[in-house]
Amino acid sequence: MSALPDPRLPAGPIADAWRRTREELPLISPLRKRQLRVLVVGTGLAGASAAATLAEQGYRVTVLTYHDSPRRAHSVAAQGGINAARPMAVDGDSVSRLFADTLRGGDFRAREAGCMRLAELSSAIIDQCVAQGVPFAREYGGTLAPRSFGGALVSRTFYARGQTGQQLLYGATAALLRQVAAGRITLLPRRDVLELITVDGVARGVVARHLLTGELEVHSAQAVLLATGGYSNVYFLSTNALKSNATAIWRAHRQGALFANPCFTQIHPTCIPSGDPGQSKLTLMSESLRNDGRIWVPAIAGDGRPPQQIPEAERDYFLERLYPRYGNMAPRDLASRRARELCNAGHGVGAGGRSVYLDLRDAIAEQGRAVIGQRYGNLLEMYARISGDDPYAAPLRIYPAPHYTMGGLWVDYQLMSSLPGLFVLGEANFSEHGANRLGASALMQGLADGYFIAPAAVTAWLAGHPTPAVAADHPACRQALDQARGRITALLAVNGSRPVDAFHRELGELMIEHCGISRTAEGLRAGLAAVAALERRFSAEVRVPGTAAGPNPELEKALRLADFLALAQLMLRDALAREESCGAHFREEHQTPEGEASRDDARFAHIAAWEYRGDGAEPRRLAEPLRYTALQPSARSYR
């Protein structure tokens, strides 16, 4: 592939571009839909909503998930809320304002047409969820009660206490299970996708391993939708669920799907710090706490006094000092970078000085403990159980941690990858978030993709590309089966001495050091060499006990880590090639005198899309230029 496929961006004004596009897409008769099968991988918000909507339209849908229940998808862990442009008299919010905040928040590294569509659909998403019974917070009079999130000066984030993702997922899952009961969805849990099947360059199915029997299965369809989430577990310690992985999208990449902006990863500023060397994951504290919590560190470096003994004059509320307009609601990348810098300068608190305070003292004094408890009670209870501290009596200790990935498989305006017939939804695609996702926009994007965009786009694709069914004994299916079986056999045959987790932890340490909150050319080159060496050692020394038959969690982890090791090297290459700072991608060589990101629009106002060219070959970097008509790029300033 020497050039990018057509991104199919709409012509004309972007304000109504999606409406015009939607009206021009071809349709399929209801009878014909019942004869077509669509395969959906993943049951998070994007996958569950897409599967339910496609089945409601009449398609026969097969859904694969490695969970025992679709309700266990990682979307359930989202806490703070979902953005939507629903104008309120006190705020003056609008679709155009949400569009501008999204595009600017991503540091002008996203397509403006996609950002506008996301803003346009946002209100309809809330209506859909309310109709499903999602219990959003409400004012005394019954109206929905939004709150603020980072990167916005208005209250546009709708929430269900600290359980927004859970409630949204339950709504989407209920819609999915309704279609299961109606016989239009075949739900197959405990399946781990290991290979993508392509026939003449068109995606036609997947090979999955049954996690209880170990059997390799072929699942074919007329269209394939990947909604498998992000890849933050490449850092080992992250806020993602332990089984969150990149295998489905990475195997698709090896089959020809372009991978876009892999270095754009988000470090969330409000996580509970790691408390033990053997810890396997980190826990998120919702960004919504920054509505009432003030973030500070001791103004005197090395001050070890308890927080209650540090007087107001000796506290540095650094976000309020540095970003007076946004204060504690500064975007995530800025809040994380500033916290890390101050901890490195000796102002951190807690074990090893790797924390800052998030203090609810003033809010409790002004509004009362009952109000704060009603607003954040489940979050504060979770913090108390994990840390052993009472967040009502003392400040929470927080520190940045890997959270969300803005990179993912390249898709066009209609969510189709560079492989025809392969659609990619939610965090699995490179999305509309550019170089930095604003808080509460992930749930919005996942549901926009699943409820509204993918159903229309899949229908349009199938209307123009009639494809016969693919049998399990088709040569392409047999080849994919052989590839999956060969990888399993090779891992089991190593019989080394080091467990999978030891390699994964080492990979995480390398990635957070060389490709974390800040990056340098020297560090990226060193990281690239170190990860390549680690991959070689993994192939020679890993120990995977057991067999391929039946449950084997160590084999599952080894298969995923093999893909993470390859993806990590692509992330490092991408970060090295992008000689600028933008959003969460902060190259220390490219910063303003104030320490802010310094973009290079002349050379890097584009989406970087990487083409796999075979084992041992250098991947090819392609570029999709970004052009703006409604909002011209400007310096991203929150000061």
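How are α6 and α12 oriented to each other, roughly parallel or roughly perpendicular? In this predicted model, the two helices are roughly parallel to each other, and the paragraphs below begin with this pair before turning to other parts of the chain.

## Helix α12 and its two partners

Helix α6, which covers residues 164-181, packs against helix α12, residues 442-464, at an angle of about 10°, and their axes are 12 Å apart. Because an angle under 35 degrees counts as roughly parallel, α6 and α12 fall into that class. On the α6 side the contact involves Thr164, Gly165, Leu168, Gly171 and Ala172, which meet Leu443, Leu447 and Tyr451 in α12. Sorted by class, the contact of α6 with α12 holds five nonpolar and three polar residues, with no charged residues.

Helix α5, residues 112-131, meets α12 in another geometry, for the axes of α5 and α12 come within 9 Å and cross at roughly 80°. Since the range from 65 to 115 degrees counts as roughly perpendicular, α5 is roughly perpendicular to α12. From α5 the contact draws on Arg117, Leu118, Leu121, Ser122, Ala124, Ile125, Gln128 and Cys129, while α12 contributes Met444, Gln445, Leu447, Ala448, Tyr451, Phe452 and Ile453. By class, eleven nonpolar, three polar and one charged residues make up the contact of α5 with α12. Leu447 and Tyr451 of α12 appear in the contact with α6 and also in the contact with α5.

## Aromatic pairs

The count of aromatic pairs in the model comes to nine. One of them joins Trp18 and Tyr413 in an edge-to-face arrangement, with 6.0 Å from centre to centre and 70° between the planes. This pair links distant parts of the chain, given that Trp18 belongs to helix α1 (residues 17-24) and Tyr413 to the loop between β17 (408-409) and β18 (422-424), 395 residues apart. Trp18 has a relative accessible area of 6% and is therefore buried, and Tyr413, at 2% relative accessibility, likewise counts as buried.

A further pair is formed by Tyr451 and Phe452, whose ring centres lie 6.3 Å apart with the planes at 70°, so that the pair is edge-to-face. Tyr451 counts as buried at 8% relative accessibility, whereas Phe452 is partly exposed, with a relative accessible area of 23%. Elsewhere, Tyr231, Trp250 and Phe259 form one aromatic cluster.

## Charged groups over rings

Tyr413, the partner of Trp18 in the edge-to-face pair, also has a charged residue over its ring, as Arg117 lies over the face of Tyr413 at 4.0 Å from the ring centre. Arg117 is, in addition, one of the α5 residues that make the contact with α12. In a second arrangement of this kind, the charged end of Arg337 sits over the ring of Phe586, 4.1 Å from the centre of that ring.

## Helix α7 and the loops on either side

Helix α7, residues 247-254, is largely enclosed by the rest of the structure, because seven of its eight residues are buried. The buried residues are Thr247, Ala248, Ile249, Trp250, Arg251, Ala252 and His253, and among them Trp250 also takes part in the aromatic cluster with Tyr231 and Phe259. Just after α7, Gly256 adopts a positive phi of about 130°.

Two residues other than glycine have positive phi values in loops of this part of the chain. Phe236, found in the loop between β9 (223-226) and α7, has a phi near 65° and counts as buried at 9% relative accessibility. Asn261, placed in the loop between β10 (259-260) and β11 (265-272), has a phi near 45°, and at 2% relative accessibility Asn261 counts as buried as well.

## Leu524 in helix α15

Leu524 lies in helix α15, residues 521-541, where Leu524 is buried, with a relative accessible area of 1%. Leaving aside neighbours within four places in sequence, Leu524 is in contact with His514, Cys515, Arg519, Leu572, Ala575, Leu576 and Arg587. Between Leu524 and Thr65, which are 459 residues apart along the chain, the C-alpha atoms are separated by 35 Å.

Methods:
Residues are numbered from 1 along each chain as its sequence is written. This is a predicted model: local features need pLDDT of at least 70, side-chain atom pairs count only at pLDDT 80 or more; totals for chains, interfaces and linings use all residues. Side-chain values use heavy atoms; hydrogens and water are left out. Axes are lines fitted to C-alpha atoms, for helices over the stretch in contact, and angles run from 0 to 180 degrees between N-to-C directions. Helices (H or I, at least four residues) and strands (E, at least two) are DSSP runs, numbered from the N terminus. Angles under 35 degrees count as roughly parallel, over 145 as roughly antiparallel, 65 to 115 as roughly perpendicular and the rest as oblique. Contact means heavy atoms within 4.5 Å. Ala, Val, Leu, Ile, Met, Phe, Trp, Tyr, Cys and Pro count as nonpolar, Asp, Glu, Lys and Arg as charged, and the others, Gly among them, as polar. Rings of Phe, Tyr and Trp (its six-membered ring) pair if their centres lie within 6.5 Å; planes under 30 degrees apart count as stacked, over 60 as edge-to-face and the rest as tilted. Buried means under 20% relative accessible area, exposed over 50%, partly exposed in between (1.4 Å probe, protein chains only). A charge sits over a ring if NZ of Lys or CZ of Arg is within 6 Å of the ring centre and within 35 degrees of the ring normal.
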